[in-house]
Amino acid sequence: MTTLLAFAFVFGLVVLFHEAGHFFTAKIIGVRVKVFSFGFPPKLIGRKWGDTEYQLCLLPIGGYVKMAGDNPLDATGDPREFMSRTKWERLAIYFAGPLMNLVLTIGILTVLFMVGMEKPAGLDDPAMVRFVAEDSPASRSGVRPGDQIVAIDGSSIETWSDAIDAFIVHANDTLTLTLLRDGERIEKDVLVETRTEDQIPYTGLLPPVQPKVTSLSDDFPAKAAGMQEGDIITRVDDKPIFHFEELIDAIESKGGERVSISVLRGNETINFELTPKRANDRWLIGIQFDSAPMVIHQIRNPVLALGAAVNESGRLIRLLYVVLGRLVTGQASVRQMSGPIGIAEASGETARRGAKALFSFVAFLSINLGILNLLPIPLLDGGHMAIIALEGLAGRDFSLQVKERILQVGLVMLLLLMATVIYVDLSRIDAIGKYLPW
C-alpha cells in the first residue's frame, strides 16, 4: 500500500506541475482550455468550471490538457483556438510543461538545501585515492592509494562527485584517468565495469570515508574496552583506514592476535588494544558501522540555497543528456532505464526512508520527465515543437497528411519505448524475470 500511495503522490505531483505549465500558459495567451485531465481515459470523475472540465481518469501514468482547436481538423479560425495563435505562442505553450518540471525540481531542491539534505560523505572532497578495492578495474590498471584523479578523458576533475558522475555515465567504457602521483602526471586506462542485474558502474574507486561506529555488541571486546557509538576508526596497527573493507581485512589478517585500533572521538584520539573474538567463522571485535555514511548539506541562506539548487539541476540535466546519447548510440544498456513499475518501487522505497528522500526523488523524476518531453519525438512536447520549428524554416505549414504520418510514427516509437521499459521493470522481479528471455 505504501508503494501505491507513494507512486500516486510522486507521479501525480510531477504530472500536475507539467500539465499546469501548459494550462496556465494557454490561459495567459488566450487559448480556451477544454479539458485538464490527470491520467488517461476512461474518466472516473469530472467537473466543469468555466470553459474547462477538470477530470480524474483511470490510468495514472500521465495526463493532458485539451485545448480548443489544437486539432487542425477541428479548427474554425476562432482567435481563442490553439491553431489560431502564432508559432511563437504555440511553442511557448508546449515549452511551458517541461519548464514547470524544472521549476518544481529547483523549488524542491532549494527547500531541501535549506532544511538540510543528506548526501554521501566525501563527495565534495578532492578526488584523492585512499582506497582501491582488490580485484577491481582500478587495481588491475595500476591505480594506487595516494594518487589524485585530476582529469578523466581530458576533462578536469575537481571532486569525487565529478569523478563518480563520469563513472556513472560511462558504464562499460574504458576511461583514461589522469593521476597526480608524487608530483608527476601519469595516465591509466580503467574499465568501468557493470555489476549486478541493474548494471551499476564499478571501478573499485570510492571517496575515502573512515568507518563510524553505529552500535556495539555485548560480550565483544570493543564494548568491553570502552569504545562508543560515534567513534570514527582512523588506524589499525598504525595503518591508516579509509574504507570499511580495509578495517575488516586488517582485523581478519591478525588471525585472532591482539590488534591496536585508534579512534577519533570529537577532537580526541583514543587508542584501544583489542583481542578479536571468533564468531560465525570470522574474527570480530563487535562493532557495526554504516557502509555508506551520509552527511547533512545545509544552506540556510535562501539565495545561496537557490543557487545550489540551480547548479544541481544543471548537473542532473547534463548527466541525463549524456546517458540519453549513450542509449541512442547503443553504448549504454536499456537496463539503466525504468518504467512505471520501477518508478513505483522507487517511490515506495524513498517514502519509507522519509520525507526528504521522497521529495528528492520527486525532484529527480520531475527534471527527467521535463527533459524527456523535450526530445524531438512526435506526440511529445519536443516533437510538436520540432514540427512547428520545421514549418517556420520551410515558410509554410505541413499538410494534414504529413502531420498524421509523423504522429503515427511517434505513437509507434512511444509504444515501443513503453514496452521496453516495462519489460526491463518486469525482468527485475525475481518471480517474473526468470521466465523472460534475454
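Biologist: Is the crossing of α2 and α9 left-handed or right-handed?
Modeller: First, this is a predicted model, in which local features need pLDDT of at least 70 and side-chain atom pairs count only at pLDDT 80 or more, while totals for chains, interfaces and linings use all residues. Residues are numbered from 1 along each chain as its sequence is written, and side-chain values use heavy atoms, leaving out hydrogens and water. A crossing is left-handed if the near helix is turned anticlockwise from the far one by less than a right angle, and right-handed if clockwise. For α2 and α9 (helices are DSSP runs of H or I, at least four residues, and strands of E, at least two, numbered from the N terminus), the crossing is left-handed.

Biologist: How are α2 and α9 oriented to each other, roughly parallel or roughly antiparallel?
Modeller: The axes of α2 (residues 87-115) and α9 (residues 355-373) come within 8 Å and cross at roughly 155 degrees. Axes here are lines fitted to C-alpha atoms, for helices over the stretch in contact, with angles from 0 to 180 degrees between N-to-C directions. Angles under 35 degrees count as roughly parallel, over 145 as roughly antiparallel, 65 to 115 as roughly perpendicular and the rest as oblique. So α2 and α9 are roughly antiparallel.

Biologist: How many charged residues are there in the contact of α1 with α9?
Modeller: Contact means heavy atoms within 4.5 Å. Residues of α1 that meet α9 include Phe9, Phe11 and His18, and their partners in α9 include Phe361 and Leu365. Ala, Val, Leu, Ile, Met, Phe, Trp, Tyr, Cys and Pro count as nonpolar, Asp, Glu, Lys and Arg as charged, and the others, Gly among them, as polar. This contact divides into eleven nonpolar and three polar residues, and the charged ones number: no charged.

Biologist: Is Val143 buried or exposed?
Modeller: Val143 sits in the loop between α3 (137-141) and β4 (148-152). Beyond its neighbours within four places in sequence, Val143 is in contact with residues including Val129, Leu179 and Leu205. Its relative accessible area is 5%, and under 20% means buried, over 50% exposed, and in between partly exposed (1.4 Å probe, protein chains only). Val143 is therefore buried.

Biologist: What is phi of Asp238 near?
Modeller: Asp238 belongs to the loop between β11 (232-236) and β12 (239-240), and with a relative accessible area of 64% Asp238 is exposed. Its phi is positive, in a residue other than glycine, and lies near 70 degrees.
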